[in-house]
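I wanted to get to know this protein by looking things up one at a time. These are my notebook entries, in the order I made them.

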Amino acid sequence: MRNAAITGWGMAVPDRVLTNADLERMVETSDEWITSRTGIKERRIVGAEDSTTSLSVTAARQALDTAGLTAEDIDLIVVATCTPDQFLVSQACLVQAELGGTAGAFDLGAACSGFVYAVAVGSPFVQPGRHDRVMVIGVDTLTRFVDYTDRSTCILFGDGAGAVVLEATDEPRGLLSTVLGADGAGYKHLYIPGWGAFVPESAELFPEYRPYLHMNGQEVFRFAVRVMGDAAVEAVEKANLTFDDVDMLIPHQANMRIIDAAARRLALPREKVWVNLDRYGNTSAASIPIALFEAAEAGKLAEGDNVVLVAFGGGLAWAAGMVRWGTAGVCHDAECRKSAAVVPESERVPAGRASDTESRTTKTLAGG
Ligand code: UT7
């Protein structure tokens, strides 16, 4: 079985900065309250010139550059977002229209957990006969749906995009374990009504029917503290590793108190936890790939390091994974990449002789 190493990484945030001081002028809040309750100092907000597409494309191009690839080399693009620029066509196709190439392209909706879900979904595609290189993007522009008169939500969110390239290797690299979960019954603790096919018969029957982000902060907080710790521990155990083996925790950047609780569960010191929410706030599906990008660029991730990704958010959903960092076994020159794209004769499965498991998997993937 081939693995999917992370060989490229990129990120993008809008230029416009919204500080806690700016918010003090907009709603009844204070820098002291926001900092002590969340850890956030400022966030980036999309302007008229930005879009979910523009942020995604900038992050994707950077990820391609890091990997030394072009858009034509990519076989599949998966975009995790709950704020696509439009519903038809997919955000992934809009991104591909700018990047070029003919990769398969689809979106995945799991809100703030979306990037980890997308890596979990994209990694198994990196197999002989399927795809060799997959682009996974986590992007959100949630500030377009934030009510800037609601102090309980408008202080939290920022916009951004992060992207990674996954490439085939026979070495144990990339996602070693996956934990995915959801509690759909809790959806009303964090959701955006409207903008979908459902239209209420009468606005009076649905007084909350406003296309803004609605959130029960305390419920989400309790849920987050529980699932972040549980999912992170499960990801380590499923990879047959111990807490001592963990070199870095990349948590969803929502609230410093939630991050601290997850770090405590893994008994990790502060220097093994990547935090940037003070600068970007909660960027939803973008928060983990942006943090991953920063940790990689800062030289904090070495070949063979074990990195735990863990996220929670709207759904209510959660996701975690143990990633073995590095590019061991990945083809680095053009010739090798070309030949790796061809499935070796010995690995081809003759028609009608596929094992039950293989045919079931293929059908599931094909059936979408
Ligand atoms: O990706 C997932 C996205 N969602 C989340 O991560 C949300 C998770 N939840 C949280 O991060 C926290 O619940 C919040 C930061 C949203 C709120 O913190 P909290 O410690 O749970 O505060 P609270 O809701 O219990 O409110 C405490 C007080 C209330 O006043 P009273 O009733 O005690 O007088 C609020 O009205 O703080 C008040 N308050 C504020 N005060 C100043 C709420 N928002 C603000 C604010 N500035 N922005």
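What follows is what I looked up, entry by entry.

**Entry 1: the model**
I am working with a predicted model, so I keep that in mind throughout.

**Entry 2: around the ligand**
I started with the ligand and asked how many residues surround it. I found 20, and the closest are Thr29, Arg151, Gly217, Phe221 and Ala254.

Next I wanted to know which helices supply them. Helices α2 (31–38), α6 (151–154) and α7 (217–238) each give at least two residues to the shell. The largest share comes from α7, with 5 residues.

I also sorted the shell by class: 10 residues are nonpolar, 8 are polar and 2 are charged. Then I looked at the domains. Domain 1 (3–174 + 331–367) and domain 2 (177–324) each put at least three residues into the shell.

**Entry 3: strand β13**
Is β13 mostly buried or exposed? I checked residues 317–324, and 8 of the 8 are buried.

I remembered that side chains in a regular strand alternate between the two faces of the sheet. With that in mind I looked at each side of β13. One side has Ala317, Ala319, Gly321 and Val323, the other has Trp318, Ala320, Met322 and Arg324, and all of them are buried. Both faces are covered, then.

Which strands pair with β13? Strand β8 (residues 174–182) runs antiparallel to β13 and is joined to it by 8 bridges. Strand β12 (residues 306–313) is also antiparallel to β13, again with 8 bridges. I picked Ala320 to follow up: its bridge partner in β8 is Val179, and in β12 its partner is Val310.

**Entry 4: the turn between β12 and β13**
These two strands make a hairpin with 3 residues between them. In the turn, Gly315 has a positive phi of about 150°. The peptide bond from Gly315 to Leu316 caught my eye too, as it is cis, with omega about -10°. Leu316 is in the loop between β12 and β13.

**Entry 5: other unusual backbone spots**
I went hunting here because most residues other than glycine have a negative phi, and most peptide bonds are trans.

I noted another cis bond, from Leu88 to Val89, with omega near 15°. Val89 is in the loop between β4 (76–80) and α4 (91–99).

For positive phi, I noted Asn240, with a value near 60°. Asn240 is in the loop between α7 and β11 (248–251). Why does Asn240 count as exposed? Asn240 has 10 other C-beta atoms within 10 Å, and the cut-off for exposed is 12 or fewer.

Ala267 has a positive phi as well, near 55°. Ala267 lies in the loop between α8 (256–265) and α9 (277–280). Ala267 counts as exposed because it has 11 C-beta neighbours inside 10 Å.

**Entry 6: Val308**
I finished with Val308, which is in strand β12. Is Val308 buried or exposed? Val308 is buried, because it has 29 C-beta neighbours inside 10 Å, and 20 or more is enough to count.

I then listed what Val308 touches, leaving out residues up to four places away in sequence. Among them are Ala232, Ala235, Val236, Leu249 and Ile250. Ala320 and Met322, which I had met in β13, are on the list too. So is Val246, and its C-alpha atom is 7.1 Å from that of Val308, although the two are 62 residues apart along the chain.

Definitions and conventions:
Residues numbered from 1 in each chain as written. Predicted model: local features only at pLDDT ≥ 70, side-chain atom pairs only at ≥ 80, totals over all residues. Near = placed C-beta within 6 Å. Helix = DSSP H or I, 4+ residues; strand = E, 2+ residues; numbered from the N terminus. Nonpolar A, V, L, I, M, F, W, Y, C, P; charged D, E, K, R; others polar. Domains from an automatic or database assignment. Pairing = 2+ DSSP bridges. Contact = placed C-beta atoms within 7 Å.
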